[in-house]
Amino acid sequence: MIGNDIISLAEVPSLRPGFVKKVCRASEWQALRESFSSHLAIWLLWAAKESAYKVYLKDGGEQRFAPKRFFFRVSKIMGTTILGNTQTPIDNYQTLLTIDKELIFAESWSNAAAYQDIIRAHFTFSSKQYQAQSFQLREGVFALIAQHFGLPEPLLRIAKNSLGVPSIWCGKTCLPLSISLSHHGYFGSFCAVGPKVLVEDIKNGDLSKAE
């Protein structure tokens, strides 16, 4: 299972009194403030927890994003890349944070998901209008999945369940992929991961096991 988040730092507000206390505990913030500004540290924590929340939902978690219920632990900081894990009321998830100029990318995944098997892509939009961005993001995802697995792009679609968790379908078959989409400002991000055996079945054109 996987979840992601993207933050455009040009679009976030300045820190307001009390906001930090709603997002994190002092020890989480301090661990990042040793390497980054206070402003950047809080949004790194927000992105980490938002991406982990998406995995938490897929894992059967409650549909309520309360950042302070999650706890992010830094494992390693390598320049603008931060590796850690996010503790949730259900489980701990691996989390990777990447700072790219004015953007923060976050990915969280369950321990069963191998990082090297994650498919990912980032997009730049021409409009900030929500529907236009959603359309562009989906079209970009369909092109990526079609190319990666050799699937017919016109048959691909994304559906969400009652919790808003997305899945990707090829015709009447739900692909065995955990996917996550995010957009903010003029930017979007997508990632996906799936059981290696079933992913190989898709590449070989055998969708019967995914039905």
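# How the labels are earned

Reader: Where is Glu 28 found?

Author: Glu 28 is found in helix 2, where helices (H or I, at least four residues) and strands (E, at least two) are DSSP runs, numbered from the N terminus. Bear in mind that this is a predicted model: local features need pLDDT of at least 70, side-chain atom pairs count only at pLDDT 80 or more, and totals for chains, interfaces and linings use all residues. Residues are numbered from 1 along each chain as its sequence is written, and side-chain values use heavy atoms, with hydrogens and water left out.

Reader: Is Glu 28 buried or exposed, and how do you know?

Author: The relative accessible area of Glu 28 is 1%. Buried means under 20%, exposed over 50%, and partly exposed in between (1.4 Å probe, protein chains only), so Glu 28 counts as buried.

Reader: Which residues does Glu 28 touch?

Author: Leaving out residues up to four places away in sequence, Glu 28 has Leu 45, Lys 49, Phe 70, Phe 71 and Phe 72 in contact, that is, with heavy atoms within 4.5 Å. Arg 73 is 45 residues from Glu 28 in sequence, yet their C-alpha atoms are 6.8 Å apart.

Reader: And Lys 101: buried or exposed?

Author: Lys 101 has 74% relative accessibility, which is why it counts as exposed. You'll find Lys 101 in the loop between strand 4 (92-100) and strand 5 (103-109).

Reader: What is the phi of Lys 101?

Author: Phi of Lys 101 is near 55 degrees, so to speak on the positive side for a residue other than glycine. Most residues other than glycine have a negative phi.

Reader: How do you know which strands are at the edge of the sheet?

Author: Two strands pair if DSSP finds at least two bridges between them. The open sheet has five strands in the order 1-5-4-3-2, with antiparallel pairing. Strand 1 (2-8) and strand 2 (71-78) each pair on one side only, which makes them the edge strands. Strand 1 is joined to strand 5 by seven bridges, and Gly 3 stands opposite Ser 108 in strand 5.

Reader: Which strands does helix 3 lie across?

Author: Helix 3 (residues 38-58) lies across strand 1, strand 2, strand 3, strand 4 and strand 5.

Reader: What kinds of residue make up the lining of the largest pocket?

Author: There are 10 nonpolar, five polar and six charged residues in the lining. Ala, Val, Leu, Ile, Met, Phe, Trp, Tyr, Cys and Pro count as nonpolar, Asp, Glu, Lys and Arg as charged, and the others, Gly among them, as polar.

Conventions:
Axes fitted to C-alpha atoms, helices over the stretch in contact; angles between N-to-C directions.
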